[in-house]
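Welcome! Let's take a friendly walk through one protein model, going from a ligand to a metal site and then to some strands and a helix.

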Amino acid sequence: MIIVLRKDVTPEQKQETRKFLENHGFKVREIVGEQDTIFGAVGRLTIDTREVEILPGVDRVIPISKPYKLASRELKKEDSIINIGPVRVGGGRIAVVAGPCAVESLEQMRETAEKVREAGAVMLRGGAFKPRTSPYSFQGLEEEGLKILKQVGEEFEMPVVSEIVGTEYAELMKDYVDVLQVGARNMQNFELLKKLGKIGKAVVLKRGLSATIEEWLMAAEYLMAHGNDNVILCERGIRTFETYTRNTLDISAIPVVRKLSHLPILVDPSHGTGLRGKVSPMALAAIAAGADGLMVEVHPHPDQALSDGPQSLYPDQFERLMRDIEAIAPVLEKELERTPRKRRTGLSDYRAASGNEVLSGPASSDRTAPEKTGLIAFQGMRGAYSETAVHRFFGEEYQAVPCEKFEDVFKQVLQGQVDYGTVPIENSLAGTVHEVLDLLLQYPDVIVVGEQKIRIIHSLMAVPGAEIQGLKRVYSHPQGLAQCSRFFEEHPSIERVPFFDTAGAVAHVAEQKDLSLGAIAGYEASRVYDVEILKEGIENNPRNYTRFFIIARTETAPIHSPNRAALVFSTRDKPGALFDVLKVLADNGLNMKKLESRPIQGRPWNYMFLVAVDMPESQDILDGTIVEIKKTAGDVRVLGLYYSHGD
Ligand code: PEP
Ligand code: MN
């Protein structure tokens, strides 16, 4: 059952409630959600739930109807995010695990790791103990294989995944791998599940060859009931009458599991199809269906693979697949999970190295690497789209700090009250946010260290119990109202009421508790203000994106390896002044992604230009370009080197 604790519960009351439940034979798990703190109590129900309900500190008791309890969405509404070193699996990200079926040699693993890492995989797989159908097939390199896997994982800064085939290997494997894989053939090896439950290391639990979804979730429950919450499910195809493919990949299991469970789900299209040519289409289908990531077999020379060669992708096929995933991710409001590798030179090194006075700055030793926890300022109220951008870029561990004005975000960053700021720079429908651009020009000690694009999905929300038919007035930011004009045309009796911001409109409606009032905002606001979504995605144009800049103090390093550079410069008042600068960019082979002009404050009819370019192959090219621009332009400043997730 779920015990929802009162908001004002004291630590003593919590302790008393836990004791009461444990004395009655329940295993108790505390789950701190955004809104409520709850206890999940699992065990045989030997008491009247009303006895729990009357305990001080308890708000209400809700029974869990499913046989799997800890794994169920009823217990935990939010997606679980499993942290494996720097990698996060679940919650709006797409994490890709890649590597060969079996570890064969150090060279093979290095070659694979280099290619898949470059293409965007965040974890490396490789079997050291192979449960082969035939006893005469290659059985794996065993401990030698684990050593290779660990070494290569460390070299390429990728956590590693490998299959455990029996309880007797648990002690050996736990020091070599970051994630233990339970194979399809072992999904119901309950002794193994119990053991892995106790060890607590993250587990990828493959679906059994003939397992129902419920049996699969019950296997996850075994792991969780024995103390391990770090469970990642993996759909890998089931046995059907069809023989064309090795298995039948059950794509529909993805939305089913996502509804039933809060656990993340990966999809393995390699075992799911057994055919190289079918892997990428099924991988894309899995992502489109809502999978939290993929596990894909990749081999540098599949024709020579000792295991599963016919279903292993060539590295360049994998690279193409990753590019396709990146292209469809924004439509799904998702982000490819990336983990920074050895950083390329940061902005401060660049400044120190250039010897150009405009670019002088602190030495590279002053660089601050991003911490795992920290404060990020954004403009707007809690639940604003900017807050979604914060969480999407940094993850849930970071705390988003609301600020009233854009300028406050800049000030908080400069004064060190926060580690980073997140500000919108451009919307695909409304254009550049000029106020933010002007602030970037005004505050030379603030730089851009990252970029995040999110899809703007407007949802209609209201207090619980309200229905669209009963709505009389709907509040939102004027832009939100305008972008949903078609909805209002279809519902002419609803009055549109402009509000200063979208999340503020939701807060207002939540406060009024009036069933005839609605608000339009992003999904995040419905969670913050505890209102219900009546209709999702009511915007006229679904191709509505906003790009946010992540800003920081000048000494801060870029967060991911930069692929973009943004510069600002002013031009002299002479014919061809802008052309001269752009020619320097062209002559140096720099591909321009954006060009924007802004009036210089206090100097009527003089302009600053902002230009964003693809990061050239070498830092020296950018360095040389800046020096050349300096000769022809009035003033040049590097606004930042940052990673942009495509356009
Ligand atoms: C594997 O991942 O290499 C494997 C053997 O998978 P499954 O257990 O899904 O067959
Ligand atoms: Mn395999």
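## Around ligand 1

In this predicted model, a polar side-chain atom of Lys-206 sits 2.8 Å from an oxygen atom of ligand 1. Two further residues also place an N or O atom by a ligand oxygen: Ala-184 does so with its backbone, at 2.7 Å, and His-271 with its side chain, at 3.3 Å. Here are these contacts side by side.

| Residue | Part of the residue | Distance to an oxygen atom of ligand 1 |
|---|---|---|
| Ala-184 | backbone N or O atom | 2.7 Å |
| Lys-206 | polar side-chain atom | 2.8 Å |
| His-271 | side-chain N or O atom | 3.3 Å |

How much of the accessible area of ligand 1 does the protein cover? On its own, ligand 1 has 290 Å² of accessible area, and the protein covers 97% of that. The residues around the ligand include Arg-125, Lys-130, Glu-163, Gln-181, Gly-183, Arg-185 and Arg-236. Sorted by class, the shell consists of seven charged, three polar and two nonpolar residues.

## The manganese ion

Cys-101, His-271 and Glu-297 are among the residues around ligand 1, and they also appear in the next site. The manganese ion (ligand 2) has the protein donors Cys-101 (SG), His-271 (NE2), Glu-297 (OE) and Asp-308 (OD), which lie 2.0 to 2.3 Å from the ion. Along the chain, these donors follow the spacing C-x169-H-x25-E-x10-D. Cys-101 belongs to the loop between strand 7 (93–99) and helix 3 (106–119), while Asp-308 belongs to the loop between strand 14 (293–297) and helix 11 (315–328), so this pair ties together parts that are 207 residues apart in sequence. Are Cys-101 and Asp-308 buried or exposed? Both Cys-101 and Asp-308 are buried.

## Strands side by side

Further along the chain, strand 22 (residues 473–476) runs parallel to strand 23 (residues 495–498), and four bridges join them. Within this pairing, Val-474 has Arg-496 of strand 23 as its bridge partner. Strand 22 also pairs with strand 24 (residues 517–521), again in the parallel sense, over three bridges. There, Arg-473 is matched with Leu-517 of strand 24. As a general rule, side chains in a regular strand alternate between the two faces of the sheet.

## A serine in a helix

Our last stop is Ser-485, found in helix 17 (residues 485–490). Why does Ser-485 count as buried? Its relative accessibility is 18%, and buried means under 20%. The side chain of Ser-485 makes a polar contact with the side chain of Asn-540, at 2.8 Å.

Definitions and conventions:
Residues are numbered from 1 along each chain as its sequence is written. Chains are lettered from A and ligands numbered from 1 in the order in which they are written. This is a predicted model: local features need pLDDT of at least 70, side-chain atom pairs count only at pLDDT 80 or more; totals for chains, interfaces and linings use all residues. Side-chain values use heavy atoms; hydrogens and water are left out. Donors are N, O and S atoms within 2.8 Å of the metal (3.2 Å for Na, K and Ca); water is not among the atoms, so sites may look incomplete. Helices (H or I, at least four residues) and strands (E, at least two) are DSSP runs, numbered from the N terminus. Buried means under 20% relative accessible area, exposed over 50%, partly exposed in between (1.4 Å probe, protein chains only). Two strands pair if DSSP finds at least two bridges between them. A residue is near a molecule or strand if one of its heavy atoms lies within 4 Å of it. A polar contact is a pair of N or O atoms within 3.5 Å; within protein, one must be able to donate a hydrogen and the other to accept it, and residues adjacent in sequence count only if both atoms are side-chain atoms. Accessible areas come from the Shrake-Rupley method with a 1.4 Å probe; for residues, only the protein chains shown count as cover. Ala, Val, Leu, Ile, Met, Phe, Trp, Tyr, Cys and Pro count as nonpolar, Asp, Glu, Lys and Arg as charged, and the others, Gly among them, as polar.
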